[in-house]
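Biologist: I've got a structure open here and some helices to ask about. Can you walk me through how they pack?

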Amino acid sequence: MTENKIKVGGLDWFYRESTPRSETDLVPVVLLHGLPSHSYSWRQIMPALANQGTRAIAPDWVGFGYSAKPDKKEFAYTPDAFIDALADFLQALKLERFSLVVQGFLGSVGLQYALRHPEQIESLVILNTPLSSSAKLPWQMQQWGLPLAGDMLTQDPLLVDRTLEGGSRYRISDRDLDTYRQPFLKSSAAGRSLMYTIRNLQRPSAMAEIEAGFKQWQYPTAIIWGITDPWLPLSMAQNFAASIKHSEFIKLEEAGHYPQEHFYDLVLESLLPFVRRVS
């Protein structure tokens with residue numbers, strides 16, 4: 001797995017990539033992380049994709065990980081801003097058609113991207129992502145956007161530990177937490193970007209777009225769901241899966257909000273054959 005940077009539209013994007021040893025006819029897979037994570041969360045998934053002949057690309061969203069963290073005057077941190085920036089990034093990498101994997105509370109932005117660019121989507125994989133207006137942002141994340149309190153809370157690198165382990169319901173190794181914390185230790189900009197994102201998620205309109213748009217969705221979709229997620233209910237995922245055609249629903253009995261963190265082997269059992277088959 002390589003670490004790369006590219007400048008697109010004045011913004012520095014950091015992304016991880018795993019490439020097959022030889023050329024295949026399988027379409028690439030783009031993996032989008034959630035909050036308050038970055039592309040490191042796909043570290044166990046990407047090499048396995050490459051081993052089966054699938055190129056895997058996982059960017060850090062603008063404002064996260066090792067990508068640019070512009071001021072709110074330079075980047076709006078709204079779904080539209082993220083979607084437009086992602087479109088420019090994918091175009092710069094010449095990714096015209098791919099399978100898309102989304103997870104977490106930025107996964108909804110990935111779903112909006114898919115609805116607005118369906119011609120690029122070969123298939124869609126959803127891991128524990130808000131899917132309807134019934135999904136609520138956890139109170140601890142809501143606090144990151146509060147006046148004054150948000151400024152302080154988002155400057156505490158330990159919010160990463162508390163959130164990732166709280167959502168997973170399992171301990172994460174110190175070595176991995178060190179990597180997740182690093183952007184917050186390097187600069188105060190990481191905390192500010194997180195705060196701006198929470199303030200500008202535009203949840204009501206984003207969820208309305210997702211609920212309406214996926215009623216007409218025609219592309220193969222797999223919903224892989226950690227059912228011990230403390231924030232997003234299983235019933236929401238089941239209702240979503242039942243409402244769209246060409247969908248598969250896979251329950252992970254012991255996994256939580258970040259299933260790729262501790263149960264990547266079970267995620268791969270469904271993900272690898274799914275993206276290979278639809279290609």
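Modeller: Sure, bearing in mind that this is a predicted model. Let's start where Ser-108, Leu-111, Gln-112, Leu-115 and Arg-116 of α3 touch α9 through Ala-206, Met-207, Glu-209, Ile-210 and Gly-213.

Biologist: How many nonpolar, polar and charged residues are in that contact of α3 with α9?

Modeller: Gly goes with the polar group in this count. Sorted that way, the contact of α3 with α9 comes out at 5 nonpolar, 3 polar and 2 charged.

Biologist: Are α3 and α9 oblique or parallel to each other?

Modeller: Their axes come within 10 Å and cross at roughly 50 degrees. Angles under 35 degrees would count as roughly parallel, and 65 to 115 as roughly perpendicular. The pair fits neither, so α3 and α9 are oblique.

Biologist: Is the crossing of α6 and α7 left-handed or right-handed?

Modeller: Here the axes of α6 (residues 158–168) and α7 (residues 174–186) cross at roughly 135 degrees, coming within 8 Å. That angle makes α6 oblique to α7. As for the hand of the crossing, α6 passes α7 right-handed.

Biologist: Which residues of α7 make the contact with α6?

Modeller: On the α6 side, the contact uses Leu-158, Val-160, Asp-161, Leu-164 and Glu-165. Across from them, α7 supplies Leu-177, Tyr-180, Arg-181 and Phe-184.

Biologist: What span should α2 have, and how far apart are its end C-alpha atoms?

Modeller: α2 covers residues 79–92, which is 14 residues. At 1.5 Å a residue, the helix should span 20 Å, and that agrees with its end C-alpha atoms, which are apart by 20 Å.

How values were computed: Residues are numbered from 1 along each chain as its sequence is written. This is a predicted model: local features need pLDDT of at least 70, side-chain atom pairs count only at pLDDT 80 or more; totals for chains, interfaces and linings use all residues. Side-chain values use heavy atoms; hydrogens and water are left out. Helices (H or I, at least four residues) and strands (E, at least two) are DSSP runs, numbered from the N terminus. The expected span of a helix is 1.5 Å times one less than its number of residues. Axes are lines fitted to C-alpha atoms, for helices over the stretch in contact, and angles run from 0 to 180 degrees between N-to-C directions. Angles under 35 degrees count as roughly parallel, over 145 as roughly antiparallel, 65 to 115 as roughly perpendicular and the rest as oblique. A crossing is left-handed if the near helix is turned anticlockwise from the far one by less than a right angle, and right-handed if clockwise. Contact means heavy atoms within 4.5 Å.
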